[in-house]
Amino acid sequence: MRLKNVLIVVKDVEKSRQFYHDLFGLETVLDSGGNLILTEGLVLQDEKLWREALGREVVSGSHSCELYFEESRMEGFVEKLERLYPSVRYVTPLTAYSWGKKVVRFYDLDGNLIEVGTPSQEM
């Protein structure tokens with residue numbers, strides 16, 4: 001058995017598709033109306049469909065999980081993030097740790113937690 005995808009719930013699939021394309025270069029693999037599969041195995045699902053499937057409300061910003069990306073040029077990434085999405089909500093600003101790793105944490109458009117850090121081999 002293997003993990004196939006990770007699904008996150010979003011209010012506006014098109015805006016979220018653009019967000020993940022702009023920042024991480026993810027492309028659409030499959031669009032099935034309210035469900036988008038992006039490269040790297042990320043699935044965006046429309047909040048209305050998710051509520052119907054579960055019969056429950058969506059709780060954003062729960063901090064129970066995060067999407068993790070790696071980037072070697074962290075300062076450039078943060079500049080791009082702030083230029084394209086100036087109202088981004090940070091959890092932690094760009095932080096350089098004593099062992100050499102740099103990390104930034106922020107929310108996507110729907111309150112899903114994202115961490116971007118330098119690759120392990122660069123530490």
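**Note on the predicted structure**

1. In this predicted model, strands E2 and E3 form a hairpin, with three residues lying between them. Gly 33, which sits in the turn, has a positive phi of about 65 degrees.

2. The two strands of this hairpin cover residues 28-31 (E2) and residues 35-38 (E3). They pair in the antiparallel sense, and three bridges connect them. One residue pair can be located directly in the structure: Asp 31 has Leu 36 of E3 as its bridge partner.

3. The hairpin belongs to a protein with three helices and eight strands. Followed along the sequence, these elements appear in the pattern β-α-β-β-β-α-β-α-β-β-β.

4. What are the overall dimensions of the C-alpha trace? Along the principal axes of the protein, the trace spans about 45 × 35 × 25 Å. A compact globule of 123 residues would have a radius of gyration near 14 Å, and the protein has 15 Å, which agrees.

5. How much of the protein is buried? Of its 123 residues, 37% are buried, that is, under 20% relative accessible area. The accessible surface comes to about 7,700 Å², and carbon and sulfur atoms account for 52% of that area.

6. The contacts may be considered by their separation in sequence. Among contacts between residues at least 6 apart, 53% join residues that are at least 24 apart.

7. Finally, the charges deserve a remark. The protein carries 15 positive and 20 negative charges, and the mean positions of these two groups are 2 Å apart.

Notes
Residues are numbered from 1 along each chain as its sequence is written. This is a predicted model: local features need pLDDT of at least 70, side-chain atom pairs count only at pLDDT 80 or more; totals for chains, interfaces and linings use all residues. Side-chain values use heavy atoms; hydrogens and water are left out. Helices (H or I, at least four residues) and strands (E, at least two) are DSSP runs, numbered from the N terminus. The radius of gyration is taken over C-alpha atoms; the globule rule is 2.2 Å times the number of residues to the power 0.38. Buried means under 20% relative accessible area, exposed over 50%, partly exposed in between (1.4 Å probe, protein chains only). Contact means heavy atoms within 4.5 Å. Accessible areas come from the Shrake-Rupley method with a 1.4 Å probe; for residues, only the protein chains shown count as cover. Lys and Arg count as positive and Asp and Glu as negative; His and the chain ends are not counted. The place of a charge is taken as NZ of Lys, CZ of Arg, CG of Asp or CD of Glu. Two strands pair if DSSP finds at least two bridges between them.
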